[in-house]
Amino acid sequence: MWDFGDGNTSTEQNPTNIYAAPGVYTVNLTVSDGTTEDSFERQDYIEVTAPVVPLSADFSATPTSGPAPLAVAFTDLSVGAVTSWLWEFGDGNTSTEPAPTYTFPAAGTYAVSLTVSDGTETDTETKAGYITVTPGEEITPEEEVTPEEEVTPEEVITPEEEVTPEEEMTPEETI
């Protein structure tokens, strides 16, 4: 009787077991001649590692078009044990962040590349014409500002002349 340590057993003399999950397994074999039994156990005998996923660069962006200046958020969709990133935005600017946001300042169509590394290998994904930036709202210069006219001291204001009762307005003159 074989006990493979993963919940599977077998009564075959030379069985095969498929380990479905990564881990370290202890295997136990119990033999019997019909009268006596003997068991032998190997601690941590089978080590199953996760499958190696080949390194493959991939990414997406939101939005992929709009007016300048256009802020774009990039998302790394690469597979494998990525340890470093190099983004090239198609206008000479780069980033080493895993998921950068980059603002494209000028109208144009930009190819974007992502190169990823796992410390041993690298892989690059380039998307030609991926970002389209249209001209933004045109900003017109403000009207020319001229220096204010020279301010002179206020003229001396004299008190109004006194109005005498004879000079009072008549009801027809009042508003």
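How many helices and how many strands does the secondary structure of the protein chain come to? In this predicted model, the count is 0 helices and 12 strands. Reading along the sequence, then, one simply meets β after β: the pattern is β-β-β-β-β-β-β-β-β-β-β-β.

Five of these strands line up in an open sheet with mixed pairing, in the order E6-E12-E11-E8-E9. The edges are taken by E6 (65-67) and E9 (94-95), each of which has just a single partner strand, so one side of each is left without a neighbour in the sheet. For E6, the pairing with E12 (residues 122-134) runs in the parallel sense over 3 bridges. Gly66, for instance, has Val133 in E12 as its bridge partner.

Next comes the inside of the protein. The largest nonpolar core holds 21 residues, and the ones touching the most other members are Phe74, Trp87, Phe104, Val112 and Ile131. Several strands chip in: E5 (59-62), E7 (70-76), E8 (84-88), E10 (101-104), E11 (108-117) and E12 each supply at least two residues of this core. E11 gives the largest share, with 4 residues.

Zooming out to the whole chain, 22% of its 175 residues are buried. The chain exposes about 13,600 Å², and carbon and sulfur atoms supply 51% of that area. Among contacts between residues at least 6 apart in sequence, 46% join residues at least 24 apart.

As for annotation, an unreviewed UniProt entry lists "domain: PKD" for residues 1-33 and 55-138. In the model, the span 1-33 is 0% helix and 42% strand, and its end C-alpha atoms lie 12 Å apart.

How values were computed:
Residues are numbered from 1 along each chain as its sequence is written. This is a predicted model: local features need pLDDT of at least 70, side-chain atom pairs count only at pLDDT 80 or more; totals for chains, interfaces and linings use all residues. Side-chain values use heavy atoms; hydrogens and water are left out. Two strands pair if DSSP finds at least two bridges between them. UniProt positions are given in the numbering used here, feature names are shortened, and annotations may be inferred rather than shown by experiment. A nonpolar core is a set of buried Ala, Val, Leu, Ile, Met, Phe, Trp, Tyr and Cys residues joined through side-chain atoms within 4.5 Å. Buried means under 20% relative accessible area, exposed over 50%, partly exposed in between (1.4 Å probe, protein chains only). Contact means heavy atoms within 4.5 Å. Accessible areas come from the Shrake-Rupley method with a 1.4 Å probe; for residues, only the protein chains shown count as cover.
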